[in-house]
Amino acid sequence: MTSTSTPPGLARFNALEEHAAFTALHEACASTAWAKRLLAARPYATPEALYAASDAAMAELTAADLAEAMAGHPPIGRPKPGDPTSAREQRGMAGASDALKAEMLELNLAYQEKFGHVFLICATGRTGEQMRDAVRDRIGNTPEREREIVRAELGKINRIRLARLVEED
C-alpha cells in the first residue's frame with residue numbers, strides 16, 4: 001500500500017511523537033512491554049500490520065506483563081468513573097437487573113480470589129448474561145489455562161481499541 005492509501009487515523013498514529021504514541025498505545029493496553037514493541041515497529045503501512053504486530057507482542061508477554069495489562073481493566077459491571085472506553089465495552093451490563101449485577105459482583109470476587117486478578121473478557125457486544133456465564137465457565141480453569149484465555153481476550157480487546165485509534169477520521 002502506498003502512503004496515500006494509509007487510513008488517516010493510522011497516518012496520524014504513525015506521525016505522532018514517540019511519547020504521544022506511547023500514551024495512545026498505553027491507553028489501549030496497560031502493558032508497557034506491549035506498547036514498546038508496537039512503538040518499535042512503526043510506521044505501519046496498514047491497520048492489519050498494526051494488528052499483527054499487536055498479536056505478536058501479546059504472544060510474547062510474560063506473566064508480569066500480563067498482570068500489568070490486566071491491572072488496567074476494571075471489573076465487569078464496575079467501569080471506572082470517567083472511563084468511557086470501559087463503559088462502552090461493558091455496555092451489556094448497563095441494563096442488567098440488580099440480581100445479575102449482584103451475582104456478577106460475587107463471581108468477580110470469587111474469580112479474583114482464585115486467580116489473583118480481575119476477570120477479563122472481551123465484553124464488547126456481550127450481554128450481562130453472557131459475561132456471567134463466561135465467568136461461571138472459566139472459574140473452574142487451572143491458572144495456566146486461564147492465563148492463556150486472558151491473553152487471547154486481551155488480544156481481542158487490543159484489536160478493538162487499536163481499530164478505534166487508527167480508523168478515526
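Biologist: Which residues of helix 5 (residues 63-70) are buried?

Modeller: This is a predicted model, where local features need pLDDT of at least 70, side-chain atom pairs count only at pLDDT 80 or more, and totals for chains, interfaces and linings use all residues. Residues are numbered from 1 along each chain as its sequence is written, and side-chain values use heavy atoms, leaving out hydrogens and water. With helices as DSSP runs (H or I, at least four residues, numbered from the N terminus) and buried as under 20% relative accessible area (1.4 Å probe, protein chains only), the buried residues of helix 5 are D65, L66, A69 and M70.

Biologist: How many degrees around the axis of helix 5 do they cover?

Modeller: The arc is taken from the directions from the helix axis to the C-beta atoms. These buried residues lie on the same side of helix 5 because their arc is only 135 degrees.

Biologist: Which helices do the buried residues of helix 5 pack against?

Modeller: Contact requires heavy atoms within 4.5 Å. The partners are helix 3 (32-40), helix 4 (47-60) and helix 10 (143-166).

Biologist: Why does N14 count as buried?

Modeller: N14 sits in helix 1 (residues 8-15). Leaving aside residues up to four places away in sequence, N14 touches R42, P43 and Y44. N14 counts as buried because its relative accessibility is 18%.

Biologist: Which residues lie nearest the centre of the largest cavity?

Modeller: The volume of the largest cavity is about 100 Å³. Helix 6 (84-89) and helix 10 each supply at least two residues of its lining. Of the 13 lining residues (an atom within 4 Å of a point on a 1 Å grid where a 1.4 Å probe fits but cannot get out), those nearest the centre are H73, I76, E89, Q90 and I121.

Methods. Buried < 20%, exposed > 50% of the residue type's maximum accessible area, 1.4 Å probe, protein only. 1 Å grid on protein atoms, 1.4 Å probe; cavity = no way out; pocket = protein on both sides within 12 Å on 5 of 7 lines; lining within 4 Å. Points joined across faces, edges and corners; volume = space filled by probe spheres on them.
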